[in-house]
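Please look through the report below, which moves from individual annotated positions to one sheet and then to the chain as a whole.

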Amino acid sequence: ARGAPEFSFAQKIDYLKDKIKPSFVKERRAMKREYEEFKVRINALVAKAQKMPEEGWTMQDGTPWPGNNPRDHPGMIQVFLGHSGGLDTDGNELPRLIYVSREKRPGFQHHKKAGAMNALIRVSAVLTNGAYLLNVDCDHYFNNSKALKEAMCFMMDPAYGRKTCYVQFPQRFDGIDLHDRYANRNIVFFDINLKGLDGIQGPVYVGTGCCFNRQALYGYDPVLTEADLEPNIIVKSCCGSRKKGKSGNKKYIDKKRAAKRTESTIPIFNMEDIEEGVEGYEEERSLLMSQKRLEKRFGQSPVFIAATFMEQGGIPPSTNPATLLKEAIHVISCGYEDKTEWGKEIGWIYGSVTEDILTGFKMHARGWISIYCMPPRPAFKGSAPINLSDRLNQVLRWALGSIEILLSRHCPIWYGYKGRLRLLERLAYINTIVYPLTSIPLLAYCMLPAFCLLTGKFIIPEISNFASMWFILLFVSIFATGILELRWSGVSIEDWWRNEQFWVIGGTSAHLFAVFQGLLKVLAGIDTNFTVTSKASDDDGDFAELYVFKWTSLLIPPTTVLIINLVGIVAGVSYAINSGYQSWGPLFGKLFFAIWVIAHLYPFLKGLVGRQNRTPTIVIVWSILLASIFSLLWVRIDPFTSEATKAAANGQCGINC
């Protein structure tokens with residue numbers, strides 16, 4: 001992963017051109033030189049660490065390092081900057097810096113990223129217990145030093161702060177080719193979809209670039225006003241809030257209504273009853289739930305449970321600092337989450353490779369709102385897979401996660417109706433999990449133009465002028481909606497077109513595989529993996545990775561669609577040439593749809609042939625074989641021709657001739 005200095009120094013800018021102070025240029029050169037020296041030292045350490053001795057690493061005292069086996073080691077915590085940490089050049093106390101490696105043992109389900117995040121929630125609550133958490137992927141870096149201040153403006157807002165679960169920033173990327181061939185920037189999703197959701201109940205959680213309210217991750221209900229509790233959720237979602245007859249009564253919700261809104265079988269705290277300090281909670285805890293229920297929900301750690309009551313963060317005053325590290329090791333052990341609500345009702349939710357969607361959905365179902373923050377200068381930037389195979393495998397993982405949620409108990413279609421999830425927000429979540437299913441009709445529509453060219457029939461039957469008007473109005477309304485979205489969001493036509501192209505590319509490959517892989521995994525317990533198995537790269541140069549080709553099964557369906565449509569175009573033109581002038585008119589309509597499909601798949605075709613026009617033989621063979629089978633099968637079935645016509649063509653005539 002590249003950091004901000006790497007990207008900053010890589011920019012080709014002539015700082016002497018715009019009359020910049022010479023002192024700035026001199027300092028920048030000195031800083032770049034120091035950074036290059038620092039990078040050399042870090043790379044040397046990395047190279048050394050990759051050459052692990054046969055007996056494993058040893059520590060300074062000569063004992064073996066506990067982490068020599070990455071799949072079997074105890075929990076490890078190293079405090080670089082603790083409560084008595086260092087100071088910066090201005091004398092301000094530096095933030096805590098702590099390395100955490102949770103316990104790993106064979107036979108335990110560690111839940112990958114979601115399990116790691118839950119372990120970090122607990123260990124940070126024990127050691128520092130900040131009121132807010134920032135989640136950034138390892139390949140992202142800070143691009144805006146004021147990003148956290150932007151988030152805190154919402155989190156600490158008197159009106160919205162106590163019901164805001166997270167502030168989501170859009171993802172922005174470096175190192176993508178100028179034309180964004182494979183729609184890596186996801187401009188339509190980040191600049192249209194999420195901005196639209198910000199006006200309902202907030203954007204979905206996208207897994208990175210997100211600042212969380214710790215209380216929301218603990219499964220607490222938000223502090224809502226009477227206006228938020230209006231019973232007519234459908235009217236409120238679609239038409240906005242209604243004015244209530246009673247005015248002036250803006251008290252926060254009481255404990256009974258908080259308990260009724262939760263999906264959990266264990267009562268959830270009302271944050272109105274949570275005050276600062278542990279001493280004031282003894283009576284409240286005895287009223288809300290017993291210590292046994294607390295342990296069943298949060299695990300057997302009195303220190304962590306006490307920390308969950310601290311709404312404004314901070315270590316409880318009654319905590320003994322000497323026991324903190326021991327307790328921190330305890331909460332990251334393998335068996336800590338057994339028979340608790342971790343991953344089910346609190347923390348990052350388990351059950352899908354896209355745990356981000358599930359986690360945000362559970363919070364919204366409890367009534368929390370989220371905020372979409374888009375500062376002019378992007379808050380975070382990261383790297384994205386820019387070659388075709390890696391991009392398709394990334395989309396496959398996302399689509400597979402959506403199918404897993406669709407087939408789980410947390411499916412937005414039927415989950416959370418006792419909560420406070422708004423109707424339009426629910427529809428948005430449904431859209432995020434059912435989109436892979438559109439790959440099946442999409443694949444059929446991409447094949448139909450070629451089959452029509454091969455058989456001489458058109459896609460749609462002849463319709464009346466009145467029906468044609470409705471058909472045209474439908475397309476005009478869809479087109480007008482798209483134009484309005486582009487004007488409102490500021491997305492360019494090129495970005496929109498790239499998104500449309502990759503929707504077809506992903507729909508005929510990754511989404512299709514995800515549907516069948518998800519069904520096999522959930523219904524039959526068969527975990528099929530479509531991963532990259534080999535690689536062939538082109539010469540180095542600008543965006544050299546764009547031309548790297550990696551063989552994957554995902555390439556076969558789109559290649560088949562391309563070949564069938566190309567064969568259909570050749571067959572249709574050949575038939576028109578042999579049939580005379582009168583056959584050219586109907587041909588143009590058929591050619592339009594086939595060329596439209598190929599235009600959507602053009603970036604895929606460029607990625608398939610690469611810079612040197614090389615395509616693996618296995619892809620060509622499989623694609624031609626499948627194209628031939630489907631074409632012959634279609635001609636044999638010939639669904640556009642009636643049985644009587646077929647019989648007459650074959651010379652068979654019955655009683656009804």
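## Annotated positions and a four-stranded sheet

Lys112 has a relative accessible area of 69% and is therefore exposed, where exposed means over 50%, buried means under 20% and partly exposed lies in between, computed with a 1.4 Å probe on protein chains only. The model is a predicted one, in which local features need pLDDT of at least 70 and side-chain atom pairs count only at pLDDT 80 or more, while totals for chains, interfaces and linings use all residues. Residues are numbered from 1 along each chain as its sequence is written, and side-chain values use heavy atoms, with hydrogens and water left out.

Lys112 belongs to helix α3, which covers residues 112-127; helices (H or I, at least four residues) and strands (E, at least two) are DSSP runs numbered from the N terminus. An unreviewed UniProt entry places the feature "binding site" at Lys112, and such annotations, given in the numbering used here with shortened feature names, may be inferred rather than shown by experiment.

The UniProt annotation "binding site", again from an unreviewed entry, also covers Lys113 and Asp137. Although these residues are spread over 25 residues of sequence, they cluster in space, with a largest C-alpha distance of 10.3 Å. Both Lys113 and Asp137 are included in the lining of the second largest pocket. Here a pocket is an open set of points on a 1 Å grid over the protein atoms alone, where a 1.4 Å probe fits, with protein on both sides within 12 Å along at least five of seven lines, and lining residues have an atom within 4 Å of a point.

The two residues are set out in the table, in which contact means heavy atoms within 4.5 Å and neighbours within four places in sequence are left aside.

| Residue | Place | Relative accessible area | Contacts |
|---|---|---|---|
| Lys113 | helix α3 | 29%, partly exposed | Asp137, Gly207 and Glu355 |
| Asp137 | loop between β3 and β4 (140-142) | 26%, partly exposed | Lys113, Gly207 and Thr208 |

The sheet comes next. Four strands form an open sheet in the order β3-β7-β5-β8, with mixed pairing, where two strands pair if DSSP finds at least two bridges between them. Its edge strands, each pairing on one side only, are β3 (132-135) and β8 (369-372). On average, neighbouring strands of this sheet are turned by 20° against each other, direction ignored; axes are lines fitted to C-alpha atoms, for helices over the stretch in contact, and angles run from 0 to 180 degrees between N-to-C directions.

Strand β5 (residues 164-168) pairs with strand β7 (residues 210-213) in the antiparallel sense over three bridges, and Gln168 stands opposite Cys210 in β7. Helix α13 (residues 355-365) packs on the sheet, where it touches β5, β7 and β8, and its direction makes about 140° with that of β5. Strands β5 and β8 run parallel and are joined by four bridges, with Tyr166 opposite Ser370 in β8. Both faces of β8 are covered, since Ile369 and Ile371 on one side and Ser370 and Tyr372 on the other are all buried.

For the protein chain as a whole, there are 24 helices and 11 strands, and buried residues make up 44% of its 657 residues. Among contacts between residues at least 6 apart in sequence, 76% join residues at least 24 apart.
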